[in-house]
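Please open the structure in a viewer that allows selection by residue number. The tour below proceeds from one selection to the next.

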Amino acid sequence: MGKKEEIIEFCKKNGLDTIGFSECKIFHELNPYFERRKKLGLENEFEQQNIDNRLNPFLYMPEGKTIISIAFPYLYSLDFNEKTHFSKYTLGRDYHVVLTEYMNKICKFIEAMGCKALCFVDSNALPERYIACNSGVGFIGKNNALITEKYGSYVFLGEIITDLIIQPDKPLLQKCGNCHICLQACPTNSIVKGKSGMNNNPNICLSYITQKKSLEDHWFEKLNGRLFGCDTCQSICPYNKGIELSKISEFKPYEHMRNIDLEALINMDNKLFKDKYKMTSAGWRGKSILKRNAIINAINIDKSKIETIEKDASPYIRDYYYRLLKFFKL
């Protein structure tokens with residue numbers, strides 16, 4: 001058994017069966033794409049502004065020869081009927097923590113072969129979906145999501161750079177064809193026509209909007225039940241029909257994330273946040289963001305809920321309280 005097969009087998013023993021390999025190289029071909037996005041103002045605050053950091057994996061490991069891309073399925077249910085909801089990717093344990101634990105095990109396995117290995121989980125600026133596509137893990141859809149054959153787009157991605165030379169897998173081409181369902185369904189027209197989502201605008205994607213520290217008033221009604229993230233383009237994608245669900249136990253949804261108690265969220269204190277929400281992928285932006293989104297959604301459902309906000313002493317929340325009063329003319 002070669003080293004590639006050994007790594008694949010080790011991953012499978014750890015419940016990971018969607019793995020790909022590609023050459024570690026500078027992604028010069030993406031430079032026009034990133035330059036175009038910068039020129040059009042399509043970057044957002046979460047993106048690395050230095051384009052070279054996004055194109056050059058040798059900045060992280062000069063000796064790198066191969067990049068390993070691994071998909072982690074997280075979906076436990078295809079039920080999207082919740083009126084007020086967290087995005088599916090946030091329902092279980094924080095994926096940053098989970099993936100790092102798995103990836104560190106794989107790195108140690110590679111290091112035991114006498115090779116170097118460095119793993120990344122949202123901890124670098126490299127184009128992880130492009131790398132996954134190059135590695136044959138999946139293809140990039142028109143909504144910019146990485147779509148795998150087995151799990152659809154409901155996957156997290158992790159990368160390992162190693163100095164081990166491994167035969168690369170074949171890249172996958174986009175399979176969307178003439179389908180435009182995600183463009184038509186996007187509630188903010190964030191997804192637009194263009195090759196591999198080249199012209200998509202993440203700055204008006206509701207997933208991003210729910211995470212912004214400063215939220216403009218015109219977004220209040222657009223949240224429409226979204227407490228953190230947006231699953232619209234994924235829930236209607238044909239490639240997400242009939243897929244397999246996750247068996248990774250750490251991603252099993254917490255009960256309080258599935259069955260939402262808006263009153264508890266609105267009145268959440270530091271202890272409740274730490275005990276129940278900080279451990280999830282929705283917790284990294286802090287308590288105030290979740291409280292704000294809960295208040296906005298509660299008022300969208302029942303205007304009388306505005307009275308519950310007055311008790312909050314946070315200047316941040318009280319600012320939204322007065323803005324909501326004015327916006328909804330209460």
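## A tour of the sheet and its helices

Begin with Glu 23, whose bridge partner in β2 is Thr 66. The model on display is predicted.

**First stop: strands β1 and β2.** Select residues 19-23, which form strand β1; this strand pairs with β2 in the antiparallel sense over 5 bridges. Next select residues 66-73, the extent of strand β2. Is β2 enclosed or open to the outside? Of its 8 residues, 8 are buried, so β2 is largely enclosed by the rest of the structure. Show its side chains as well. In a regular strand, side chains alternate between the two faces of the sheet. In β2, Thr 66, Ile 68, Ile 70 and Phe 72 point one way, whereas Ile 67, Ser 69, Ala 71 and Pro 73 point the other way, and all are buried.

**Second stop: strands β7 and β4.** Select residues 155-162 to display strand β7, which runs antiparallel to β2 and is joined to it by 8 bridges. One pair to label is Ala 71 with its bridge partner in β7, Leu 157. Then add β4, residues 117-120. The pairing of β4 with β7 is antiparallel and extends over 4 bridges. Here Phe 120 stands opposite Glu 159 of β7.

**Third stop: the sheet as a whole.** With these strands displayed together, the order reads β1-β2-β7-β4 in an open sheet of 4 strands with antiparallel pairing. Which strands stand at the edges? They are β1 and β4; each has a single partner strand, so one side of each is left without a neighbour in the sheet. On average, neighbouring strands of this sheet are turned by 25 degrees against each other, direction ignored.

**Fourth stop: helices α1 and α4.** Select residues 3-13 for helix α1 and residues 95-111 for helix α4. Helix α1 lies across β1 and β2 and runs at about 145 degrees to β1. Helix α4 packs on the sheet, where it touches β2, β4 and β7, and its direction makes about 30 degrees with that of β7. Now compare the helices with each other. Two packed helices are described by the angle between their axes and the distance between the axes. For α1 and α4 the angle is about 150 degrees and the axes are 11 Å apart; the two helices are therefore roughly antiparallel to each other. The crossing of α1 past α4 is right-handed. To see the contact, show Glu 6, Ile 7, Phe 10 and Cys 11 in α1, which meet Lys 105, Ile 106, Phe 109 and Ile 110 in α4. By class, this contact has 6 nonpolar, no polar and 2 charged residues.

**Fifth stop: helices α12 and α13.** Move to residues 287-301, helix α12, and residues 315-327, helix α13; these pack at an angle of about 20 degrees with their axes 10 Å apart. That angle makes α12 roughly parallel to α13. The crossing is right-handed. On the α12 side, the residues in contact are Ser 288, Ile 289, Lys 291, Arg 292, Ile 295, Ile 296 and Ile 299, and on the α13 side Tyr 316, Ile 317, Tyr 320 and Leu 324. The contact of α12 with α13 comprises 8 nonpolar, 1 polar and 2 charged residues.

**Last stop: Asn 134.** Select helix α5, residues 128-134, in which Asn 134 lies. Is Asn 134 buried or exposed? Its relative accessibility is 15%, so Asn 134 counts as buried. Among the residues that Asn 134 touches are Phe 21, Ser 22, Lys 25, Asp 169 and Pro 171.

How values were computed:
Residues are numbered from 1 along each chain as its sequence is written. This is a predicted model: local features need pLDDT of at least 70, side-chain atom pairs count only at pLDDT 80 or more; totals for chains, interfaces and linings use all residues. Side-chain values use heavy atoms; hydrogens and water are left out. Buried means under 20% relative accessible area, exposed over 50%, partly exposed in between (1.4 Å probe, protein chains only). Contact means heavy atoms within 4.5 Å. Axes are lines fitted to C-alpha atoms, for helices over the stretch in contact, and angles run from 0 to 180 degrees between N-to-C directions. Angles under 35 degrees count as roughly parallel, over 145 as roughly antiparallel, 65 to 115 as roughly perpendicular and the rest as oblique. A crossing is left-handed if the near helix is turned anticlockwise from the far one by less than a right angle, and right-handed if clockwise. Ala, Val, Leu, Ile, Met, Phe, Trp, Tyr, Cys and Pro count as nonpolar, Asp, Glu, Lys and Arg as charged, and the others, Gly among them, as polar. Two strands pair if DSSP finds at least two bridges between them. Lists of a residue's contacts leave out its neighbours within four places in sequence.
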